[in-house]
Amino acid sequence: MTGTAAPFAADDYRARMERAARSAAEAGLAGLLVAPGPDLVWLTGYAPTAATERLTLLVLAPGQDPVLVVPALEAPDAAKAVGASALTLRDWTDGKDPYAVTAPLLEAGGRFGISDNAWAMHLLGLQKELPGTSYASLTEALPMLRAVKDPAELELLAAAGAAADAAFEEIRKLPFGGRRESEVAADLADLLRRFGHSQVDFTIVASGPNGANPHHEVGDRVIEHGDMVVLDFGGLKDGYGSDTSRTVHVGEPTDEERRVHDLVRAAQEAGFHAVRPGAACQEVDRAARAVIADAGYGEYFIHRTGHGIGVTTHEPPYMIEGEEQPLVPGMCFSVEPGVYLPGRFGVRIEDIVTVTGDGGRRLNDTTREMVIVD
């Protein structure tokens, strides 16, 4: 992951590392091992400028000062990270064994949480150096590590959502009919950047029958008059994510198209109103899904209702049947039901929602009514 980290102070990163170490202890772990990626950015503010085979690893353990093991040639950049003053840098030079440098920081027989995206060669190197250790992925061991956002994070997520909304308000003014999906997608990407995004993660433009594929890859199909068009787009602004979906129509829709759009809008509203502290994540999914199933379209709602968002656009928690994690104020996630009719069209409506003290608050405010475009 590259890009500018969000504007937090060293004390913010220190508090996050301390909380992560406590959470590891509460989960029965000896500590956490964090490789380059979103967790490292969130915990330290450090994002290496390029992926490298050289070991970089943050070691967090209860009662132990945080240590970032880093290649010597990258140590100067690591030292510039805002969170660097809250940890100790331990560098290693080419020709030396980085696992031998790291091993003294780890409990010889401990079980550690490790970043999902850690390189296999590094995990195997640690296991060879310390054969008594065992490991669990961070998503398995501490799925809620980044889930509850503080007020500053919520402000950044709200700003990212507002920027995505501004992009939608502009794209709806442009012509769709007679243009390729790829052309509209390029316009969306340009608009996201214009409104402050440093990274565009996806711009789905799924027209006509392509709209029945929730993760349609933008292609050269020419958008036609009479098409329903699913727009799903987002990325990172100041280090925090946006993700919104709206479904527009080129010209006047048929009665069925309008009916399905209204159904998805009602399902999205039901999912939103299910958001409240203490409710299980699956209750959001159930509320949205029930509306669609009761109308006879249940088999055409083929994905979960939502996913968390923060320093990445997809992260825990997930709004899906079987997820009993209670909602907590500060959690942020999408509510995005859809109906997908194979060979015909699809509809999806998505907002990012944050849990408040007594319910939920949307971070996307563009209209959820049917939008007619040219």
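These legends accompany close-up views of a predicted model.

**View 1. The surroundings of D232 in strand 8.** Let us start with an acidic residue. D232 belongs to strand 8, which covers residues 228-237. With a relative accessible area of 6%, D232 counts as buried because this value falls under 20%. Its side chain has a polar contact with the side chain of S245, at 3.2 Å. Beyond its sequence neighbours up to four places away, D232 touches F202, T203, I204, D243, T244, S245, R348 and E350.

**View 2. The largest nonpolar core.** This core holds 36 residues, and L32, L43, L58 and L68 touch the most other members. Elements giving two or more residues to it include strand 1 (31-34), strand 2 (57-61), strand 3 (64-71) and helix 7 (151-171). Helix 1 gives the most, with four residues. Follow L32 outwards, leaving aside neighbours within four places in sequence, and you meet contacts that include A20, A24, L58, V59, L60 and F112. A second, separate core has 20 residues, among them A30, L55, V67 and L130.

**View 3. Aromatic rings around F8.** Four aromatic pairs turn up across the whole structure. One of them joins F8 and Y13 edge-to-face, with 6.3 Å centre to centre and 85° between the planes. Both residues, F8 and Y13, are buried. Ring pairs also bring Y240 into a cluster with F8 and Y13. Have a look at R16 too: its charged end sits over the ring of F8, 4.3 Å from the centre.

**View 4. An arginine over the ring of F301.** Here R289 lies over the face of F301, at 3.9 Å from the ring centre.

Note on methods: Residues are numbered from 1 along each chain as its sequence is written. This is a predicted model: local features need pLDDT of at least 70, side-chain atom pairs count only at pLDDT 80 or more; totals for chains, interfaces and linings use all residues. Side-chain values use heavy atoms; hydrogens and water are left out. Buried means under 20% relative accessible area, exposed over 50%, partly exposed in between (1.4 Å probe, protein chains only). A polar contact is a pair of N or O atoms within 3.5 Å; within protein, one must be able to donate a hydrogen and the other to accept it, and residues adjacent in sequence count only if both atoms are side-chain atoms. Contact means heavy atoms within 4.5 Å. A nonpolar core is a set of buried Ala, Val, Leu, Ile, Met, Phe, Trp, Tyr and Cys residues joined through side-chain atoms within 4.5 Å. Rings of Phe, Tyr and Trp (its six-membered ring) pair if their centres lie within 6.5 Å; planes under 30 degrees apart count as stacked, over 60 as edge-to-face and the rest as tilted. A charge sits over a ring if NZ of Lys or CZ of Arg is within 6 Å of the ring centre and within 35 degrees of the ring normal.
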